[in-house]
Every structure is written in C-alpha cells, then in structure tokens.
Amino acid sequence: MRQFLGVRVFAAGALLLETLGGGAQAASVSLTITDSDGHALADAVVSVMPVNKTISGPDGPSATPIAAIIDQRNETFIPYVVTIRRGGSVTFRNSDKTRHHVYSFAPIKQFEYVLKPTESSPPVVFDKPGIVVLGCNIHDQMIAYVDVTDAPWVTVTPASGVAHIDGLPSGDFVITIWHPFIRPGVTPPTRKVSLPTQDSTTAVAVAINPPHPRDDDSGAY
Ligand SMILES: [Cu+2]
C-alpha cells in the first residue's frame, strides 16, 4: 500500500512539472461540450482556425491529422468519429471474422468497398471539407463519421466531453464544434477566443441540443 501511494505521489509531481513546462511555451484552450441537460458529450469535433490565416500551422499533438484508420470490429466502426485535414486519407480495415462493407453517399465523397476479414481498403482521399457519414450495407446499425477540415488544430472529445487544444500561438481563433447530434444543413456552433500571449489559456463551455426525434433523418447527408 505504501509503495502504491508513493507511485501516485510521483505521478502527480511529474504531471505538475509537465503542466508548468508546457504552459510557458504555448497557448491553449479547453472546451467542455455537453448536451442541453449538461451531460458530457463524447465524439464532438472541436476545430480551431486562426482568424489571421498567416499564422503557421502546428506540429504538436493537437495538429489535425493527415491520415486515419477506421477499423471494423464487433460490427462497429472504431472510432465513431475521425477528423482529418482536407487532402488527407482514411483507410478502412476489417478486423472481424465476417464480411463488411463501407460506403458513403456524402456530396463531398462517394465510395464503397466490400472488405473480407482482415482486409483493408486503399487509402480514401478526401479533398473537400465537410462531414461524411459512413455505413455498412451488411449491418445497418454500423455508422461512423469523417470530418474533413481546413482547421490546423482539431480534437475529438473523449467521454469526459472535455477537449484540450495545446500548442497554439498567441492570436485570435474561431472554434467550431460539430457533433453527430447536429443535423445536415444546421450550422454548427462557433466560439471566438483570443489568446493574447504565448502562455494564455482559456476555457469555453458549449451545449449542443440533441436532435428532435422528428428531425432525426440522417438520410439527408
Ligand atoms: Cu458490416
């Protein structure tokens, strides 16, 4: 038990040092995403765009990825939401022992592949920004989303609903929040934040209304 406590104290000390070191080098923003009842929302895409477009792009952990993998496992797309930069690609993989399919009818990208067990698709390149909804013709309950963005920084909220974007320069930013609750044709909420210095940080809370059952027509993508 004493050893266990000792490890915990050491871990807390390391975290404190890391926080102090990171805070001195770059600005950061954290967002708490909830539904309208205040419950934490996972799978919200939080993308950060500089107002001044000449701000150079990032290379830290919050940098928008240029490639992603969506696995098919236990008849589920994993992850449920991915985000990539415009021009980036997603590779689809079947890790189940049954055959799967993956298709998109999205206006910005249409494709379909049948994937045998252990098979992967070629990388699918997305060259227009927007939301792509994915399905499997064999298992109707399988659904996933690809958010294709020009924003240099992005993250997807975990179960806590809290998104941290680190490694930002000082400046003004527009943050856009997208979630599968937001129906096609509805403008996602945005927030403007100003990070005046390299060590500034700000926290923003955003509530997303769940769709009204009568509005829940995902076929409109
Ligand atoms: Cu399937």
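Let's start with one pair of residues: Ala 106 stands opposite Lys 109 in strand S8. This is a predicted model, in which local features need pLDDT of at least 70 and side-chain atom pairs count only at pLDDT 80 or more, while totals for chains, interfaces and linings use all residues. Residues are numbered from 1 along each chain as its sequence is written, and side-chain values use heavy atoms, with hydrogens and water left out.

**The hairpin**
- Strand S7 (residues 100–106) and strand S8 (residues 109–115) run antiparallel and are joined by 7 bridges; two strands pair if DSSP finds at least two bridges between them.
- S7 and S8 form a hairpin, with 2 residues between them.

**The chain as a whole**
- The chain holds 1 helix and 16 strands, taken as DSSP runs (H or I, at least four residues, for helices; E, at least two, for strands) and numbered from the N terminus.
- Of its 221 residues, 38% count as buried, meaning under 20% relative accessible area with a 1.4 Å probe, protein chains only.
- Among contacts (heavy atoms within 4.5 Å) between residues at least 6 apart in sequence, 66% join residues at least 24 apart.

**The copper site**
- The copper ion is coordinated by His 100 (ND1), Cys 136 (SG), His 139 (ND1) and Met 142 (SD), at 2.0 to 2.7 Å.
- Donors are N, O and S atoms within 2.8 Å of the metal (3.2 Å for Na, K and Ca), and sites may look incomplete because water is not among the atoms.
- Along the chain, the donors follow the spacing H-x35-C-x2-H-x2-M.
- The angles among the 4 donor atoms are 94 to 139 degrees, and the site is irregular; four donors count as tetrahedral if all angles lie between 85 and 135 degrees, and as square planar if opposite donors are over 155 degrees apart and all others between 65 and 115.
- Two of the ligands are buried: Cys 136 has a relative accessible area of 1%, and Met 142 has 3%.

**The nonpolar cores**
- A nonpolar core is a set of buried Ala, Val, Leu, Ile, Met, Phe, Trp, Tyr and Cys residues joined through side-chain atoms within 4.5 Å.
- The largest has 28 residues, and those with the most contacts inside it are Leu 31, Ile 33, Leu 168, Ile 175 and Ile 177.
- Elements that give two or more residues to this core include strand S1 (27–35), strand S14 (171–178) and strand S16 (201–208).
- Beyond its neighbours within four places in sequence, Ile 177 is in contact with residues including Leu 31, Ile 33, Val 206 and Ile 208.
- A second, separate core of 21 residues includes Val 82, Val 124, Cys 136 and Met 142.

Key:
Four donors count as tetrahedral if all angles lie between 85 and 135 degrees; four count as square planar and six as octahedral if opposite donors are over 155 degrees apart and all others between 65 and 115; anything else is irregular. Buried means under 20% relative accessible area, exposed over 50%, partly exposed in between (1.4 Å probe, protein chains only).
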